[in-house]
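Hi,

Here's the structure I promised to pass on. Have a look, and my notes on pockets and cysteines follow underneath.

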Amino acid sequence: MITVDFSLFPTGPGNRVLDLGCGGGRHAFECYRRGADVVAFDQNENDLADVATMFAAMRDEGEAPAAAEAETVKGDALNMPFDDGAFDRVIAAEIFEHIPHDTAAMADLYRVLAPGGIAAVTVPSWLPERVCWALSEEYHTNEGGHVRIYTRAELEAKLKAIGFEIGPHHHAHALHTPFWWIKCAVGTANDDHPLAAAYHRLLVWDILQAPRATRVAERLLNPLIGKSVVVYLRKPTGKSAG
């Protein structure tokens with residue numbers, strides 16, 4: 001499910017987009033459909049292989065403009081193998097909460113974004129995340145798990161200190177929050193628990209069908225219990241590296 005609002009993150013032909021910590025690639029795929037040249041970047045080779053396969057399938061099926069390009073690159077968010085100012089747009093969706101040296105990764109994001117470029121950064125929202133941590137130690141102590149909980153003010157302060165201009169923000173995925181509370185309560189690996197399984201089926205149905213009632217409910221609930229907060233940023237013109 002897409003977290004970024006593309007009305008606030010305009011992209012299309014002529015834009016070079018980096019999906020930093022792309023995971024399964026959902027944002028990279030959407031940018032590619034819109035005609036941008038996309039680099040899906042991650043350190044997980046298995047995820048990157050799956051993303052590359054989907055890029056190829058999209059090309060074969062004509063799901064992206066013929067002139068658009070898409071590739072995968074493996075590497076470390078603290079030292080990305082890209083030139084300064086290489087990208088017009090950068091998405092960093094749910095990655096900084098995993099990185100002990102988050103400000104170093106933010107600085108490298110700033111470096112590779114072109115002056116005047118836009119970034120979209122998402123992290124778990126404070127309240128839903130705080131409840132998850134309270135319900136389950138396993139949730140945040142597993143290898144590769146979350147190492148911090150951000151308030152939006154803290155996230156924006158760190159990004160502003162790097163040099164970004166802070167833009168609008170919003171919350172997303174309120175209907176996913178109860179699922180994670182349930183998972184934390186019954187065991188994060190207990191996918192067969194009846195309550196967790198039933199709620200998961202509801203989420204899959206909602207994603208596939210997108211009924212108006214749940215869309216309206218989620219919009220109303222997002223400011224209260226949205227699972228993610230999304231902050232939009234601009235790199236000032238006339239600046240290259242942070």
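Keep in mind that this is a predicted model.

Pockets first. The largest one has a volume of about 1200 Å³, and its lining runs to 39 residues. If you want to find its centre, go to Ala93, Glu94, Glu97, His98 and His146, which lie nearest to that point. Among the elements, β1 (16-20), α1 (26-33), β2 (37-42) and α5 (137-141) each put at least two residues into the lining of this pocket. Sorted by class, that lining has 17 polar, 13 nonpolar and nine charged residues.

The second largest pocket comes in at about 180 Å³. Its lining includes Met1 to Phe6 at the start of the numbering, along with His170, His171, Ala172 and His173, and also Glu218 and Asn222. Two or more lining residues come from each of β6 (165-172) and α9 (212-225), with β6 giving the most, at three. Here the split is five nonpolar, five polar and two charged.

Now the cysteines. How many disulfides does the structure hold? Zero. The cut-off for a disulfide is a sulfur pair within 2.5 Å. Cys132 misses it because the closest cysteine sulfur, in Cys184, is 3.9 Å away, too far for a bond. For Cys22, the closest cysteine sulfur belongs to Cys31, and at 12 Å that is also too far for a bond. Both Cys22 and Cys132 are buried, with relative accessibilities of 5% and 1% in that order.

Cheers

Key: Residues numbered from 1 in each chain as written. Predicted model: local features only at pLDDT ≥ 70, side-chain atom pairs only at ≥ 80, totals over all residues. Heavy atoms only, no water. Buried < 20%, exposed > 50% of the residue type's maximum accessible area, 1.4 Å probe, protein only. 1 Å grid on protein atoms, 1.4 Å probe; cavity = no way out; pocket = protein on both sides within 12 Å on 5 of 7 lines; lining within 4 Å. Points joined across faces, edges and corners; volume = space filled by probe spheres on them. Helix = DSSP H or I, 4+ residues; strand = E, 2+ residues; numbered from the N terminus. Nonpolar A, V, L, I, M, F, W, Y, C, P; charged D, E, K, R; others polar.
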